[in-house]
Amino acid sequence: MKRLAVFLLGLASCNVCASTSDQSLMQACTGCHAVRASDLEGIGPSLVDIVNRPAGSLPDYPYSKALAEANFIWDIGTLRVWIQHSERMRPGTFMRYHNALTEAEIDRLLNLLSLSENILNEPTQ
Ligand code: HEC
C-alpha cells in the first residue's frame, strides 16, 4: 500500500516521467553528457534537444574535426548508428564509447532523448 502511494505521488508530480530503470539506462550517457537543461556540462556536448540538431553545432563546445566538419542532422536513425559505432561513423571522434546495450535498450534511450522536455527526474537515492 505504501508503495502504491509513493507510485501515485510520483505520477502526480510528473506527466511523462522516466522510470528508475530508464534513469539508470540514461547513465550510459550521463557520465559524459548533460541531458537536462539543469545538468552541469559534461565532457561531451549537451544532449538537451539533440533530436533534429545539426551534428557538431553547439557554438561553445570544442568538437573533434570529425564532428565539427559533419554535415548531417541528428535523428533517430543517425543517433542509433552513433550509439552503436561512433568511431566507425565519424572516424577520429572524441567519443570512444563501447557499450553492451541491447537493441531494446537503445530504442528506449532514443525515446527518452527525443522527449525534448526535461522528463528525467532527479535520480532517486
Ligand atoms: C565516455 C564519455 C562519453 C559517453 C559515455 C557518451 N558520450 Fe557522447 N560524446 C562524448 C564526447 C567527448 C563527444 C564529442 C565528440 C567529438 O567532438 O568528436 C560526444 C558527442 C556526442 C554526440 C554529438 C553531439 C553533437 O552536438 O553533435 C552525441 C549525439 C552523443 N555524444 C550521444 C551520446 C549518447 C546517446 C550516449 C549514451 C548512449 C553517449 N553519447 C555516451 C563522450 C561520451
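How are helix 2 and helix 5 oriented to each other? This tour of a predicted model begins with that pair of helices and then moves outward to the core, the ligand and several individual residues.

**Stop 1: helix 2 and helix 5**

Select helix 2, residues 20-30, and helix 5, residues 103-114. Their axes come within 10 Å and cross at roughly 90 degrees. An angle of 65 to 115 degrees counts as roughly perpendicular, and helix 2 and helix 5 are therefore roughly perpendicular to each other. To display the contact, select Asp-22, Leu-25, Met-26 and Ala-28 on helix 2, together with Glu-105, Arg-108, Leu-109 and Leu-112 on helix 5. Coloured by residue class, this contact shows five nonpolar residues, three charged residues and no polar ones.

Now centre the view on Leu-112, which belongs to helix 5. Is Leu-112 buried, partly exposed or exposed? It has 19 other C-beta atoms within 10 Å, and a residue needs 20 or more to count as buried; Leu-112 is therefore partly exposed. Draw a distance from its C-alpha atom to that of Met-26: the two atoms are 8.3 Å apart in space, although the residues are 86 apart in sequence.

**Stop 2: the nonpolar core**

Next, select Met-26, Cys-29, Val-35, Leu-47, Leu-109 and Leu-113, the six residues of the largest nonpolar core. Helix 2 and helix 5 are the elements that each give two or more residues to this core. In soluble globular proteins, nonpolar side chains tend to be buried together. Two residues of the previous stop, Met-26 and Leu-109, appear both in the helix contact and in this core.

**Stop 3: the whole protein**

Clear the selection and view the entire protein. How many helices and strands are there? The protein has five helices and zero strands, and from the N terminus on the elements run α-α-α-α-α. Of its 125 residues, 11% count as buried. Among contacts with a sequence separation of 6 or more, 50% involve residues 24 or more positions apart.

**Stop 4: around the ligand**

Display the ligand and the 26 residues around it. Which of these come nearest? They are Cys-29, Cys-32, Gly-44, Ser-64 and Met-95. Helix 2, helix 3 (residues 65-68) and helix 4 (residues 76-89) each give two or more residues to the shell. The largest share, three residues, comes from helix 4. By class, the shell holds 20 nonpolar residues, six polar residues and no charged ones. Cys-29 deserves a second look, as it is listed among the residues nearest the ligand and also among those of the largest nonpolar core.

**Stop 5: the loop between helix 2 and helix 3**

Select Gly-42, which lies in the loop between helix 2 and helix 3. With 15 other C-beta atoms within 10 Å, Gly-42 is partly exposed. Leaving aside residues up to four places away in sequence, Gly-42 touches Cys-32, His-33 and Ala-34. Its C-alpha atom is 7.7 Å from that of Thr-30, a residue 12 positions away in sequence.

Continue to Asp-49, found in the loop between helix 2 and helix 3. Asp-49 has a positive phi of about 55 degrees although it is not a glycine, and it is partly exposed, with 13 other C-beta atoms within 10 Å. Asn-52 is likewise located in the loop between helix 2 and helix 3. Its phi is near 80 degrees, a positive value in a residue other than glycine. Asn-52 has 10 other C-beta atoms within 10 Å; 12 or fewer count as exposed, so Asn-52 is exposed.

**Stop 6: the loop between helix 4 and helix 5**

Finally, select Thr-93, placed in the loop between helix 4 and helix 5. Thr-93 counts as partly exposed, with 19 C-beta neighbours inside 10 Å. Beyond residues up to four places away in sequence, Thr-93 touches Ser-64, Ala-66, Leu-67, Ser-86 and Glu-87. The C-alpha atoms of Thr-93 and Ser-64 are 5.7 Å apart, while the residues are 29 apart in sequence.

The last residue is Ala-100, found in the loop between helix 4 and helix 5. Ala-100 is exposed, with 6 other C-beta atoms within 10 Å. A separation of 9.9 Å lies between the C-alpha atoms of Ala-100 and Ala-28, which are 72 residues apart along the chain.

Technical notes
Residues numbered from 1 in each chain as written. Predicted model: local features only at pLDDT ≥ 70, side-chain atom pairs only at ≥ 80, totals over all residues. Core = buried A, V, L, I, M, F, W, Y, C linked by C-beta atoms within 7 Å. Helix = DSSP H or I, 4+ residues; strand = E, 2+ residues; numbered from the N terminus. Near = placed C-beta within 6 Å. Nonpolar A, V, L, I, M, F, W, Y, C, P; charged D, E, K, R; others polar. Contact = placed C-beta atoms within 7 Å. Axes fitted to C-alpha atoms, helices over the stretch in contact; angles between N-to-C directions. Parallel < 35°, antiparallel > 145°, perpendicular 65-115°, else oblique.
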